[in-house]
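I am opening my notebook to look up how charged side chains pair and how the cysteines sit. I will keep each entry to what I can look up.

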Amino acid sequence: MVFIPPPQFASASRPSYAEAYSDILAAHRRSPLTSASSVILLVAPDVDAICAARMLADLLKQDDVMHRIIPISGVVELERVRIELITYAELHTLILFNMGSILDLPSSEWFGDFDTKLSVHVIDSARPQSLPSLFGGGANGDRIIVWDDGGCEDMEEVRKAWEAVTYEPMPDSDDDDDSDLGSDDDIYRNDDDDDDNAEDFEDRDSSGKRRSSDEGGRAVGKRRKLDERPRMSRDQRDDYTARVNKYYDGSWYGQSASATIYILATVLERVDCDLLWLAILGLTFQYTTARIARDAYDKYHSIYYDEAFRLNPLPPEVNHNSDAITATSADDLSVRTTEELRFMHFRHWTLYDAMYHSSYVAGKLGIWKERGRKRLTGLLAKMGFSIPQTQQPYTHMDLDLKHQLRSKLDAIAPEYGLVELTYPSFARCFGYRAPPLSAADAVEAVSALLDVAGGVRMEVEIEGARHGGEWFGAGRVWEGGKRGEEERVNERSGIDSGVVVRRIERGDEDDVAGEERMEIQWWVKNFWAAYDALTDIVPLQEALSLSMSLHRAIIRQGTSIIDKQDIRTMRSHRVVVLAQGPDLALFAHPSVLSRLALWLVDALRDRLPGTALTKTNGIGRTKKSLPFVVACLNEKTASYIVVGVMGALDFDDVRKNEFGMAFMQAKERCHARSRYSSFNTSVLEINQQDLKIFLEALCEVGEGY
């Protein structure tokens, strides 16, 4: 086995997270070539991976282990970095965060050709995982260490099926004798070796007596007879193959990478409020992006709930009120429990805007129509909130109205179908530096930094200038994070730090020998801006305005799609193609396009009939889903970014995303020019000329997913 179970499944013969971490420390301390390139963390650009990397970096720092963090944007970037890493003589530990689980890492295409001293640790929440990485053996297989969340404990049947398909001979093959039993010379040589070495080893029987060499020879003969067991039939092999294919059918998410590191910190007895907060952000990210269902969220929330009270005991004189969380002192950095409203940034926006930009409210009220907006205004009026009150910043609202908000919502909102307006969550105090920040707001801010802090022009609203009229009501172009960010990124720049380097063509290379101009790509700057904001409230608060602008663009584009009826209904899914518009460059980012697709699912969940998809084997029907395919033109690369989401008809439910396999089959059928620009198999980049034939092929294979 090359996966390590969580601590609850560990034993003396099965090491867990703590033992794997100890091996990393031991390898570092006994390595004769110790440098920052000895331990390298490869991190995917998502909130969960960044939080996990920050947590592990803190642990390594406490143990005086030098390390390097390299952001990886996708499979293409991972291939480029792999070529560089193979030249590092001092490299002994490679840790992958939210990437690599589906790749055949023991193969020579990835890390099979690396030095045998290298160990690759995979901490990935994406499922399914590569079976060769999980169950493969040999020199290459044993050094690929997958940090499992306990799911492999229920995969015994899948493991047996994979081993049978991989190692058992093909039924009715022509090279039966040659492929499995070896040549006659090999058999004879083995017999001679057995005879020559019969006196070199003696076995003991169950009674403890020594067995003679003849008995040993008979035992060898018995083992040889067992090895010559009959081959499996074609039907058996087909059953095993179908079981393996079923495991790879669809993608889903398991335990967050940040939760894995938090468990490690708990075993090491190094848990503090900072690590707890980062683990909470990783969990909240999974929930708000529909990667996990509500029951999975509640499972981990209950754990963090107990941890929050254990690490942050409130003084007896302080009343715990989730509606009015305040810092008790200038040094109060505690994590508090709260009930979070499904309103977007409602503590930092106006109440009307927070509800208007909520996907849950949008789906229930239909805010893309004038009638839906009137219903929203009517709901607020029925609660006793005047229009001027709801259109001023929440922090400036009357205190009485803020205290009555939840009780009035509980009484009146169900009349409008808003019955699940809250969910249990957390908030953190930052002393007197800033108001408490909820986990949902922090996740949205960090996600906005990752997606659009650079690489696209974004206008943000100036606080207090919204109703300033023509002269004073304008916004400004987002420039947050540039103050000092260039210096911080330049310190991390270079090939070793994961920054993509591009040589600029020069007329005379001899005059500039030894010099190399580097251009830092926008996504690398975004990564480090988000990484720094995790532990700095100032840039995190600045990013809230960026997140608001991002959600305005999503609502603007989503309502335009519905109003113009740009949704095409196919046999097994719905398609939206964005080929023009002011925000085209924004939605060419895969993560932003995925947000738009999820908003469409939430908005239309109660208004469109679901699709009952046929199972792969053609027998039976799966539960109804709401599959969406959204494509956006990237004018710079003359290609389309295509995203597939498999929405569930029940709110807070999650379906397996089966578009990954469907995309692969469709592009193979139509031979479309494409590439995977991220680690998400349901996100594909298609050549602009091939989109039409790709969508046609997707319809043909649609019944299979």
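**Salt bridges and cysteines**

I began with Arg673 and Asp690, whose side chains meet in a salt bridge with an N to O distance of 2.8 Å. Arg673 lies in the loop between α26 (659-670) and β19 (674-675), while Asp690 lies in the loop between β20 (683-687) and α27 (691-701), so this pair ties together parts that are 17 residues apart in sequence. I then looked up the accessibility of Asp690, and at 8% relative accessibility Asp690 counts as buried, because the cut-off for buried is under 20%. I noted here that the model is a predicted one.

Next I asked myself which residue forms a salt bridge with Arg556. The partner is Asp583, and the closest N and O atoms of the two are 3.0 Å apart. This pair links distant parts of the chain, since Arg556 is in helix α23 (residues 537-563) and Asp583 is in the loop between β15 (574-578) and α24 (584-587), 27 residues apart. Is Asp583 buried or exposed? At 13% relative accessibility, Asp583 counts as buried, whereas Arg556, at 43%, counts as partly exposed.

I turned to a pair within one helix, where Glu370 forms a salt bridge with Arg373 and the closest N and O atoms are 3.2 Å apart. Both residues lie in helix α16 (residues 370-382), and they are 3 residues apart, which is about one turn of the helix. Glu370 is partly exposed, with a relative accessible area of 46%, and Arg373 also counts as partly exposed, at 25%. I wrote beside this entry a general reminder that side chains of opposite charge can pair when their charged atoms come close.

I also looked for salt bridges that join up, and I found that Arg294, Asp298, Arg342 and Asp652 are linked in a network of them. How many salt bridges are there by the rule I used? The count comes to 28 salt bridges, and the pairs Arg673 with Asp690, Arg556 with Asp583 and Glu370 with Arg373 are among the ones I looked up.

My last entry concerns the cysteines, for which I searched the whole structure and found 0 disulfides. A disulfide would need a pair of cysteine sulfur atoms within 2.5 Å. I checked how two cysteines sit: Cys152 counts as buried at 6% relative accessibility, and Cys632 is buried as well, with a relative accessible area of 0%.

Technical notes: Residues numbered from 1 in each chain as written. Predicted model: local features only at pLDDT ≥ 70, side-chain atom pairs only at ≥ 80, totals over all residues. Heavy atoms only, no water. Buried < 20%, exposed > 50% of the residue type's maximum accessible area, 1.4 Å probe, protein only. Salt bridge = Lys/Arg side-chain N within 4 Å of Asp/Glu carboxyl O. Helix = DSSP H or I, 4+ residues; strand = E, 2+ residues; numbered from the N terminus.
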